[in-house]
Amino acid sequence: MKLMMVIVQDQDYAKLATRLIQNRIRATKFETSGLYSNKKNVTLFICVEEEQQERILTYIQESCTEREEICEVWEYNGNMMVQAEKTLKIGGATVFISEVNQIMKF
């Protein structure tokens with residue numbers, strides 16, 4: 001089995017969640033935020049059989065799009081931290097996949 005840790009932007013989550021629910025893929029949802037951009041994210045933990053992995057990656061690619069937005073960020077200007085507006089690429093998805101050795105449910 002594989003554990004997929006999927007980080008998507010909040011505005012991409014609804015489309016991805018619909019695809020997962022329609023295909024009976026179970027996930028655990030955590031509400032998170034980016035450190036640099038401070039944008040809201042959703043992190044999903046999905047435990048799947050290896051043969052389902054590619055199908056789920058396709059759902060993620062189709063549901064989560066990268067785009068540019070102007071964001072307020074904190075940056076170091078050489079003396080102190082200051083707030084600045086930057087155009088950042090946000091969205092898309094970050095996926096970590098690891099091997100699951102054992103699952104226990106109580």
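1. A strand, as the word is used here, is a DSSP run of type E with at least two residues, and strands are numbered from the N terminus. With that term in hand, Thr28 can be placed: this residue belongs to strand β2. The structure under discussion is a predicted model.

2. The surroundings of Thr28 deserve a closer reading. When neighbours within four places in sequence are set aside, Thr28 is in contact with Thr43, Leu44 and Phe45. The C-alpha atoms of Thr28 and Asn41 are separated by 14 Å, and these two residues stand 13 residues apart along the chain.

3. Is Thr28 buried, exposed or partly exposed? Its relative accessibility is 43%. Buried means under 20% and exposed means over 50%, with partly exposed in between; Thr28 therefore counts as partly exposed.

4. The strand that holds Thr28 is part of a sheet. Four strands make up this open sheet, in the order β2-β3-β1-β6, and their pairing is antiparallel. At its edges are β2 (28–33) and β6 (93–99), each of which pairs on one side only. On average, and with direction ignored, neighbouring strands of the sheet are turned by 20° against each other.

5. Which strand pairs with β2, and over how many bridges? The partner is strand β3 (residues 40–48), and the two pair in the antiparallel sense over six bridges. Within β3, Lys40 is the residue that stands opposite Ser33.

6. A helix accompanies these strands. Helix α2, made of residues 53–63, lies across β1 (2–9), β3 and β6. The helix runs at about 0° to β1.

7. Another antiparallel pair is formed by strand β4 (residues 66–76) and β5, which are joined by 11 bridges. One of the residues involved is Arg67, whose bridge partner in β5 is Ile90. The two strands form a hairpin with four residues between them. In the turn, Gly78 has a positive phi of about 105°.

8. The hairpin strand β5 covers residues 81–91, and Met81 lies in it. Which residues join Met81 in a nonpolar surface patch? They are Trp74 and Tyr76, and the patch made by the three residues has an area of about 390 Å².

9. Why can Met81 take part in such a patch? Patches are made of residues with over 30% relative accessible area and no salt bridge. Met81 has a relative accessible area of 47%, so this residue is partly exposed and passes the cut-off for area.

Definitions and conventions. Residues numbered from 1 in each chain as written. Predicted model: local features only at pLDDT ≥ 70, side-chain atom pairs only at ≥ 80, totals over all residues. Heavy atoms only, no water. Patch = residues over 30% accessible without salt bridge, like charges linked within 9 Å, V, L, I, M, F, W, Y side chains within 5 Å. Areas by Shrake-Rupley, 256 points an atom, 1.4 Å probe, with all protein chains shown as cover. Salt bridge = Lys/Arg side-chain N within 4 Å of Asp/Glu carboxyl O. Buried < 20%, exposed > 50% of the residue type's maximum accessible area, 1.4 Å probe, protein only. Pairing = 2+ DSSP bridges. Axes fitted to C-alpha atoms, helices over the stretch in contact; angles between N-to-C directions. Contact = heavy atoms within 4.5 Å.
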